[in-house]
Amino acid sequence: MIYQKSCLLLLPLALIFLDFILISSLAKPTPITSLNVLTHGAKPDGSKDSTKAFLAAWQVACASPNPTTIIVPKGRFLVGNLVFQGNECTGAPISIRIAGSIIAPEDYKVIASSLQWIMFDGVTNVSIYGGLLDAQGSSLWKCKNNGGKKCPTGAKTLLFTNSNNITINGLTSINSQKFHIVIYESNSVNIDGVTVSADVDSPNTDGIHIENSHSVNITNSRIGTGDDCISIGPGSTHVHIQGIQCGPGHGISIGSLGKSVDEEGVENVIVSNVNFTSTDNGVRIKTWAKDSKSFVRKIVFQHINMKMVKNPIIIDQHYCLDKPCPKKESGVEISNVRYEDIQGTSNTEVAVILDCSKEKPCTDIVMGNVNLVQIDNGSAESTCNNVNGLANDVVVPVTPCLKRDLLLT
């Protein structure tokens, strides 16, 4: 009888103990594996090729069932073409934390033929934090600018393709041979606090290029290159750009679009809180004067400051780089574009250019609280062709193709 009572008294204590063990096991954090590229043979002297060491570290991280951090310590790490494949990875998060610099070979021919220097293909849950990428592209720029017919196209510095859930934070990319950062056929990408820099005369060195990608956020970044600060190519949707310092360069562009008939369109883009300084363009939409099934729609440009910008606001539906230019009208449909709270100075007399297609005029173009003057505070002008839209509140310069909102008059 005494034994039975003792068991009854001990039973609740045993249950409490088992609950404690269960809760403790559930609360135990997932271990994080840490890898240093030095342990795989990388050398921080800037002269020994560390390509194999970086790939070896990736293979270990890729195979790990637990979150893994690859550490690139202080120093200069010389690497050639790096291709990080994700098709055999476990899917556990991989973070690459860079304290030093990763540099390309000084001879541009070593990486130029591959079209990209560092590529992540088919990866998921990959993050890059900090560090500097130096593609050493100035000798290729010189070749191109001097009219060299045998100059290669050049390599993009950093390419993510067929990837999901990507973070790029605090990275600096300089002197790319071609585009600096490219997001292609990827989803859920967050780019924050990056710095991109190349000489103003460096050809085709776009800061960030997005194409066939969805849910891309670019925030709090400083970009100055010889081409677009940010370019948004065909098939891109739900792109949010905010807090950008742009210049020098060609501004922020949607396009070019419509080079081929079946190109996909661009929609749901917000460009907000951007400062443009001494750029060729501010906010631009550009399409080829060719037959096309493409479109641009649901676009917002807002809270933007222009300082000495040649073309602060421009829609160019007769964009052409290949001479002779086609004598056609663009088939790209542009609609539902908002320009709100855009202030500053134009470096040219014409601050607003809306040059739309005669075949498919721009529709539902709305401007409000726009005030652009010449740099000497002189009055600026606007030109527009084949545009239907509305002018709300103050719009300077006056854009006659936009009807005044009757409620405001």
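Q: In which strand of this predicted model is the place of S101?
A: The model is a predicted one. Within it, S101 belongs to a strand that covers residues 101-103. That strand is β7.

Q: Does S101 count as buried or exposed?
A: Buried means under 20% relative accessible area. The relative accessibility of S101 is 16%, so S101 falls under that cut-off and counts as buried.

Q: Which residues does S101 touch, not counting residues up to four places away in sequence?
A: Residues up to four places away in sequence are set aside here. Beyond them, S101 touches G75, R76, F77 and L132.

Q: How many aromatic pairs does the structure hold, and what kind of pair do W58 and F120 form?
A: The structure holds seven aromatic pairs. In the pair of W58 and F120, the centres are 5.8 Å apart and the planes stand at 75°. Planes over 60 degrees apart count as edge-to-face. The count is therefore seven, and the W58 and F120 pair is edge-to-face.

Q: How many residues apart are W58 and F120, and which parts of the chain does the pair link?
A: W58 lies in helix α2 (residues 51-63), whereas F120 lies in strand β8 (residues 116-121). The pair thus links distant parts of the chain, α2 and β8, 62 residues apart.

Q: Are W58 and F120 buried or exposed?
A: The cut-off for buried is under 20% relative accessible area. W58 has a relative accessible area of 1%, and F120 has one of 2%. Because both values meet the cut-off, W58 is buried and F120 is buried.

Q: Which residues form one aromatic cluster with F120?
A: F120 is in contact with W58, F84 and F160, among others, leaving aside its neighbours within four places in sequence. F120 is also listed with F160 among the residues that have the most contacts inside the largest nonpolar core, which has 92 residues. The cluster partners of F120 are W58, F84 and F160.

Q: How many residues has the other core that lies apart from the largest nonpolar core?
A: The largest nonpolar core has 92 residues. Apart from it lies another core, with Y108, A112, C143 and C151 among its members. The number of residues in this other core is five.

Q: Why do the buried residues of helix α4 line one face of the helix?
A: In α4 (residues 138-145), L140, W141 and C143 are buried. Seen down the axis of α4, its buried residues line one face because they fall within an arc of 160°.

Q: Why is the pair of W288 and Y319 edge-to-face?
A: The ring centres of W288 and Y319 are 5.4 Å apart. Planes over 60 degrees apart count as edge-to-face. The pair is edge-to-face because its planes stand at 85°.

Q: Which strands hold W288 and Y319, and over how many bridges do these strands pair?
A: W288 is in strand β23 (residues 281-288) and Y319 is in strand β25 (residues 311-319). One bridge between the two strands joins R284 to I314. The strands β23 and β25 pair in the parallel sense, and the number of bridges is six.

Q: Which strand do four bridges join to β23?
A: Eight of the eight residues of β23 are buried. I285 in β23 stands opposite I254. The strand joined to β23 by four bridges runs parallel to it and is β21.

Q: Which residue has its charged end over the ring of W288?
A: W288 is buried, with a relative accessible area of 3%. A charged end sits over the ring of W288, 5.2 Å from its centre. The residue is K290.

Methods
Residues numbered from 1 in each chain as written. Predicted model: local features only at pLDDT ≥ 70, side-chain atom pairs only at ≥ 80, totals over all residues. Heavy atoms only, no water. Phe/Tyr/Trp six-rings, centres within 6.5 Å; stacked < 30°, edge-to-face > 60°. Buried < 20%, exposed > 50% of the residue type's maximum accessible area, 1.4 Å probe, protein only. Lys NZ or Arg CZ within 6 Å of the ring centre and 35° of its normal. Arc of directions from axis to C-beta. Core = buried A, V, L, I, M, F, W, Y, C linked by side-chain atoms within 4.5 Å. Contact = heavy atoms within 4.5 Å. Pairing = 2+ DSSP bridges.
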